[in-house]
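Please look over the sequence and the model shown below before reading on. The report then takes up a few features one after another.

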Amino acid sequence: MKSQPDLKLLSTFLAVVNHGSMAEAATALGYVPSAVSQHIAALERDMGIELLVRRPGSRLILTAAGRSLAQAARTLFEATARFRDTADGIANREIAELRVGAYPSAVSHLLPGVLSALQAGDRGAARIRLVIVETREGLPRVTSGDLDLLIAYRYLPEDPPVTSPEWVTTSLGYEPLVLVAGPQPGGRPLALADCLERGWTSGQPHHPDRRLLRRWAGELGIAPEVTLETEDLHSMLAMIRAGLAVGLIPVTLLGEEGDRPTVQRVALPPGSAPLRREVLAVSRPGTRPPVIDELVALLAEALKSVPA
């Protein structure tokens with residue numbers, strides 16, 4: 001028996017099985033009946049076993065081997081059809097699943113509305129698999145192919161992701177950063193000078209937001225003392241709400257404050273440069289599936305609506 005049956009012979013065999021006669025199969029396939037008979041004989045030689053019982057004046061009867069082969073051939077051709085559909089979809093830049101990495105506050109505050117809009121817009125059946133990952137850890141995963149898209153942030157222009165042949169970056173816009181403290185009795189407004197003797201919260205010394213804080217403070221000639229170091233923005237916000245620290249927080253996190261804010265913005269000196277972090281989409285070089293471009297466009301629109 002050949003290790004690989006001839007697919008043309010198998011196709012003819014299935015046509016015979018489905019139509020019940022070689023003559024009807026020949027008509028359906030556009031062959032002459034003798035060609036169909038030759039195909040079946042060749043397949044039986046290849047398999048080394050009888051597949052059909054031929055009785056004059058009656059319909060063909062499948063042997064046990066013929067029934068087994070017919071079932072296996074149907075499975076094979078169905079799988080081949082599914083493979084062709086998938087291959088055609090890939091050629092047309094359609095994908096079944098998109099792996100997206102994003103920093104935590106993007107997952108909690110930017111992506112929910114964007115993904116809802118993506119699903120509601122009938123933009124294909126691609127499933128989005130979300131992975132919470134910080135920018136530095138996410139970049140190698142884009143390069144390796146583990147992530148198809150990374151939603152990243154950059155506090156300072158020299159921060160990663162820097163220009164590289166390993167990825168393509170698209171700027172989506174900016175998240176404003178605001179200096180906030182716990183609510184004051186009677187809603188008394190706070191100025192920067194009121195916060196200089198308080199403890200501050202920020203990331204570890206090497207973290208981008210801490211380096212931005214140092215640069216900004218240096219430009220203003222102040223030296224805030226960081227008493228709580230954490231990379232978790234929600235922990236920062238909790239300490240600020242408790243009145244234990246002041247700190248720079250992305251304004252997107254304050255959208256959950258509602259009508260009764262639990263933090264208070266600190267007024268900065270006139271002429272102070274706006275504080276913000278850039279949000280970027282990072283993907284591998286080459287043609288991107290349309291769903292990635294749509295997701296990127298929706299994120300850019302969402303950032304435009306973020307209040308200053």
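## A loop with a cis bond

In this predicted model, residue P161 belongs to the loop that lies between β5 and β6. The peptide bond that joins P160 and P161 is cis, with an omega of about 5 degrees. For comparison, most peptide bonds are trans.

## Salt bridges

How many salt bridges does a search of the whole structure find? The search finds eight, and the table lists some of them, each with the distance between nitrogen and oxygen.

| Acidic residue | Basic residue | N to O distance |
|---|---|---|
| D146 | R141 | 2.6 Å |
| E229 | R210 | 3.0 Å |
| E301 | K304 | 3.2 Å |

In the bridge between E229 and R210, the closest N and O atoms are 3.0 Å apart. This pair links distant parts of the chain, since E229 sits in strand β9 (residues 225-229) while R210 sits in helix α8 (residues 208-220), 19 residues apart. Is R210 buried or exposed? R210 has a relative accessible area of 12%, and because this is under 20%, the residue counts as buried. Its partner E229, at 33% relative accessibility, counts as partly exposed, because values between 20% and 50% fall in that class.

In the bridge of D146 with R141, D146 is partly exposed at 31% relative accessibility, and R141 is also partly exposed, at 29%.

The side chains of E301 and K304 meet in a salt bridge as well, and both residues lie in helix α10 (residues 290-304), where they are three residues apart, or about one turn of the helix. Here E301 counts as partly exposed, at 47% relative accessibility, whereas K304, at 63%, counts as exposed.

## Helix α10 and what covers it

The length of α10 can be checked with a short calculation. The helix has 15 residues, and at 1.5 Å a residue they should span 21 Å; the end C-alpha atoms are 21 Å apart, so the expected span and the model agree.

Although K304 of this helix is exposed, other residues of α10 are buried, namely V291, I292, L295, V296, L298, L299, A300, A302 and L303. Which elements are included in what covers these buried residues? Among them are the strands β3 (97-102), β5 (149-154), β6 (168-181) and β12 (276-283), together with the helix α6 (111-120).

One of these covering elements, β3, can be followed further into its neighbours. Strand β3 runs parallel to strand β4 (residues 127-132), and six bridges join the two; within this pairing, V100 has L130 of β4 as its bridge partner. Strand β3 also runs parallel to β5, to which three bridges join it, and here the bridge partner of A102 is I151 in β5. In a regular strand the side chains alternate between the two faces of the sheet.

## The largest pocket

The space in the largest pocket comes to about 280 Å³. The pocket is lined by 15 residues, and those nearest its centre are Y155, L156, L212, P274 and R276. Which elements give two or more residues to this lining? They are α8 and β12, and of the elements α8 gives the most, with four residues.

Both of these elements have appeared above: α8 holds R210, the partner of E229 in a salt bridge, and β12 is among the elements that cover the buried residues of α10.

Definitions and conventions. Residues are numbered from 1 along each chain as its sequence is written. This is a predicted model: local features need pLDDT of at least 70, side-chain atom pairs count only at pLDDT 80 or more; totals for chains, interfaces and linings use all residues. Side-chain values use heavy atoms; hydrogens and water are left out. A salt bridge is a side-chain nitrogen of Lys or Arg within 4 Å of a carboxyl oxygen of Asp or Glu. Buried means under 20% relative accessible area, exposed over 50%, partly exposed in between (1.4 Å probe, protein chains only). The expected span of a helix is 1.5 Å times one less than its number of residues. Contact means heavy atoms within 4.5 Å. Two strands pair if DSSP finds at least two bridges between them. On a 1 Å grid over the protein atoms alone, a cavity is a set of points where a 1.4 Å probe fits but cannot get out, and a pocket is an open set with protein on both sides within 12 Å along at least five of seven lines; lining residues have an atom within 4 Å of a point. Grid points are joined across faces, edges and corners, and a volume is the space filled by probe spheres set on the points.
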